[in-house]
Amino acid sequence: MTTLFRNAALFDGHRYRGPGHDVLVDAGRVVAVGGAGTGAGSPARADVVDLAGALLAPGFVDAHVHPVQGGLERMRCDLSGLDTREEYVAAVAAYAAAHPGEPWILGGGWAMPAFPGGTPTAVDLDAVVPDRPVFLPNRDHHGAWVNSRALEVAGIDRHTPDPADGRIERDAEGRPTGTLHEGATALVSRHLPPSTDADYLAALMSGQAYLHSLGVTGWQDAIVGAYSGMDDTSATYTAAAASGDLRSDVVGALWWERQRGVEQVADLVARREAMSGGRFRATSVKIMQDGVAENGTAALGAPYLDRCGHATDNTGHSFLSPAELRAAVAALDAAGFQVHVHAIGDRGVREALDAFEATDPATRAERRHHLAHLQVVHPDDVRRFAALGVAANVQALWACLDEQMVELTLPFLGEERSRWQYPFGDLHRAGARLVAGSDWPVSTPDPLQAIHVAVNRWAHGEDGPAGPGGDVVAFLPEQALALETAFAAYTSGSAWINHRDRLDGAGVVAPGAAADLVVLDRDPFAAPAAEIGATRVLSTWIDGEQVHQQRNP
């Protein structure tokens with residue numbers, strides 16, 4: 001198939017090349033890039049796509065996403081598009097009424113700010129689903145909302161101790177109230193009815209189609225393994241890759257079981273060899289080092305504060321001790337794995353960097369290890385990313401003054417640590433390699449919404465707190481990125497973390513590169529930064545074949 005993209009504004013994966021470009025694609029590769037009517041030529045057999053000045057760019061690559069989980073939630077009781085307690089309860093009631101034969105009500109996607117203290121109660125669910133258990137993870141999947149029937153099935157009562165890696169929310173008398181944090185979610189999730197192979201394949205296909213609609217042509221699945229009520233989806237990926245249903249190039253990050261030690265590396269090596277094939281490669285391993293700040297489980301170097309600004313006795317969770325983490329990283333690095341670490345608190349980030357520092361610099365560079373999320377980073381650790389060659393995997397959408405930040409984060413971090421949050425600008429200036437992802441279904445997988453926040457430090461379409469002049473207040477604007485830098489992180493940067501530059505040259509628009517491309521409805525480089533988030537995807541292309549086209553309104 002030969003396609004000529006004509007009259008395009010061009011972002012080539014590293015820099016903005018401006019308007020007036022033609023790009024010729026043939027047999028799945030970019031053949032030529034040039035000025036309009038010149039370098040790309042105009043072969044008679046080519047299908048011509050006239051962009052009329054809209055932007056052509058490499059397809060976005062999501063470096064941290066959970067598309068099977070996201071697909072399942074879209075198929076079940078999906079709360080992700082709602083915002084209030086009343087909306088959530090009504091949606092659960094409507095779903096339960098429409099699915100009377102389902103033994104459990106499953107789904108998720110609720111936001112913590114909708115509830116006092118970020119903790120919903122079983123009472124609300126009991127009012128609409130009294131007879132069947134309900135298990136609904138929140139958007140960040142570090143907690144779950146359950147009803148009394150689910151607590152009963154799991155045998156959770158006032159005498160049930162908190163697990164070492166989690167917490168049961170309780171009332172003043174110690175009775176569970178309906179919110180489970182971190183490892184406590186497993187007390188219920190182990191009782192969930194199994195999803196079928198067909199369920200998981202349908203979820204992957206749903207997730208893939210949704211990502212294609214947003215211009216995402218490849219990704220790294222950040223957990224391939226059993227976690228938080230999800231079964232191991234490796235068989236789903238291998239089957240989809242073998243059948244050709246998996247159109248995107250995917251790296252799977254195999255789940256590191258924190259209850260085990262380095263003896264599991266041999267199992268992971270065997271899984272890598274058995275699973276990798278076609279468009280799927282199980283070449284990364286995911287370690288979750290800490291929790292999240294909103295429920296007090298992100299690992300901090302000093303205690304969280306209470307609502308009065310006083311230090312508590314809680315510094316969050318390091319799910320692996322520093323010694324265990326060093327041993328795990330060293331063993332995985334030696335076995336040829338890339339290591340992908342969830343690190344949100346400043347202690348979690350430092351523990352991960354310390355573990356990488358203990359590895360051989362030569363193999364470390366080859367593996368392309370990365371830390372994801374990076375909400376709170378001590379200023380002394382910013383420069384270490386570049387020095388160690390560890391990539392910063394950013395979820396830029398979160399770097400704004402939304403309700404969750406204002407109500408559930410800032411008061412408990414305090415003024416100094418709050419200024420350490422999402423230091424993307426400092427990381428870039430210090431030479432860190434930036435890659436980008438969404439963490440969907442935690443938040444939208446739309447790269448353009450994330451890029452908008454990376455550049456503006458406020459969310460498109462959100463009012464947010466207003467300043468004296470009525471304008472939306474940017475969150476730590478000194479940490480904003482240039483639009484070119486943000487686009488590069490989401491294209492060539494994330495393609496690099498998946499080793500696509502070596503495999504097929506994806507992530508750039510250049511002769512010889514894989515023709516994984518996205519066409520936008522405008523040129524955001526030629527418009528005000530405040531309008532970046534209004535940009536939409538017109539079409540998405542993988543290996544020169546169109547996998548998504550925007551429907552006419």
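Which residues gather in a patch of negative charge on the surface? In this predicted model, the patch is formed by Asp83, Glu87, Asp402, Glu403 and Glu407. Asp83 sits in the loop that runs between β7 (77–78) and α2 (85–98), and with a relative accessibility of 53% it counts as exposed, because the cut-off for that class is over 50%.

The strand that precedes this loop leads into a sheet. Six strands, in the order β7-β8-β9-β10-β12-β11, make up an open sheet whose pairing is mixed, and its edge strands are β7 and β11, each of which pairs on one side only. Strands of a sheet pair through backbone hydrogen bonds, and they may do so in the parallel or the antiparallel sense. At one edge, β7 runs parallel to strand β8 (residues 105–108), the two being joined by 2 bridges, and here Asp78 stands opposite Gly108 in β8. At the other edge, strand β11 (residues 166–170) pairs with strand β12 (residues 176–182) in the antiparallel sense, over 4 bridges. Within that pairing, Arg167 has His181 in β12 as its bridge partner. The two strands β11 and β12 form a hairpin with 5 residues between them, and in the turn Gly174 has a positive phi of about 90 degrees.

A positive phi deserves more attention when the residue is not a glycine. Most residues other than glycine have a negative phi, and most peptide bonds are trans. Two residues depart from the first part of that pattern: Asp439, which is not a glycine, has a positive phi of about 65 degrees, and His499, also not a glycine, has a positive phi of about 60 degrees. His499 is placed in the loop between α19 (483–497) and α20 (500–503), whereas Asp439 belongs to the loop between β19 and α18. Is Asp439 buried or exposed? Its relative accessible area is 6%, so Asp439 is buried, the cut-off being under 20%. The loop between β19 (434–436) and α18 (447–456) also holds Pro441, and the peptide bond that joins Trp440 to Pro441 is cis, with omega at about 15 degrees.

From the backbone the account can pass to charged side chains. How many salt bridges does the structure hold? There are 31 salt bridges in the structure, and three of the pairs are followed here. In one of them, Asp26 and Arg45 form a salt bridge in which the closest N and O atoms are 3.8 Å apart. This pair links distant parts of the chain, since Arg45 is in the loop between β3 (29–35) and β4 (47–50) while Asp26 is in strand β2 (residues 16–26), with 19 residues of separation. Arg45 counts as exposed at 58% relative accessibility, while Asp26 is partly exposed, with a relative accessible area of 25%.

A second pair connects two helices. Arg85 and Asp124 form a salt bridge whose closest N and O atoms are 2.8 Å apart, and it links distant parts of the chain, Asp124 being in helix α3 (residues 122–128) and Arg85 in helix α2, 39 residues apart. Asp124 is buried, with a relative accessible area of 13%, whereas Arg85 counts as partly exposed at 31% relative accessibility.

In the third pair, the side chains of Asp249 and Arg500 meet in a salt bridge with an N to O distance of 3.8 Å. Asp249 in strand β14 (residues 249–255) and Arg500 in helix α20 are 251 residues apart, and the pair thus links distant parts of the chain. Asp249 counts as buried at 8% relative accessibility, and Arg500 is likewise buried, with a relative accessible area of 2%. Both residues take part in a network of salt bridges that links Asp249, Arg281, Arg500, Asp504 and Asp516.

A last stop returns to strand β2, where His21 is found. His21 counts as buried, at 9% relative accessibility, and its C-alpha lies 8.8 Å from that of Gly53, although the two residues are 32 residues apart in sequence.

Methods. Residues are numbered from 1 along each chain as its sequence is written. This is a predicted model: local features need pLDDT of at least 70, side-chain atom pairs count only at pLDDT 80 or more; totals for chains, interfaces and linings use all residues. Side-chain values use heavy atoms; hydrogens and water are left out. Two strands pair if DSSP finds at least two bridges between them. Patches are made of residues with over 30% relative accessible area and no salt bridge: like charges are joined within 9 Å, nonpolar side chains (Val, Leu, Ile, Met, Phe, Trp, Tyr) within 5 Å. Accessible areas come from the Shrake-Rupley method with a 1.4 Å probe; for residues, only the protein chains shown count as cover. A salt bridge is a side-chain nitrogen of Lys or Arg within 4 Å of a carboxyl oxygen of Asp or Glu. Lys and Arg count as positive and Asp and Glu as negative; His and the chain ends are not counted. The place of a charge is taken as NZ of Lys, CZ of Arg, CG of Asp or CD of Glu. Buried means under 20% relative accessible area, exposed over 50%, partly exposed in between (1.4 Å probe, protein chains only).
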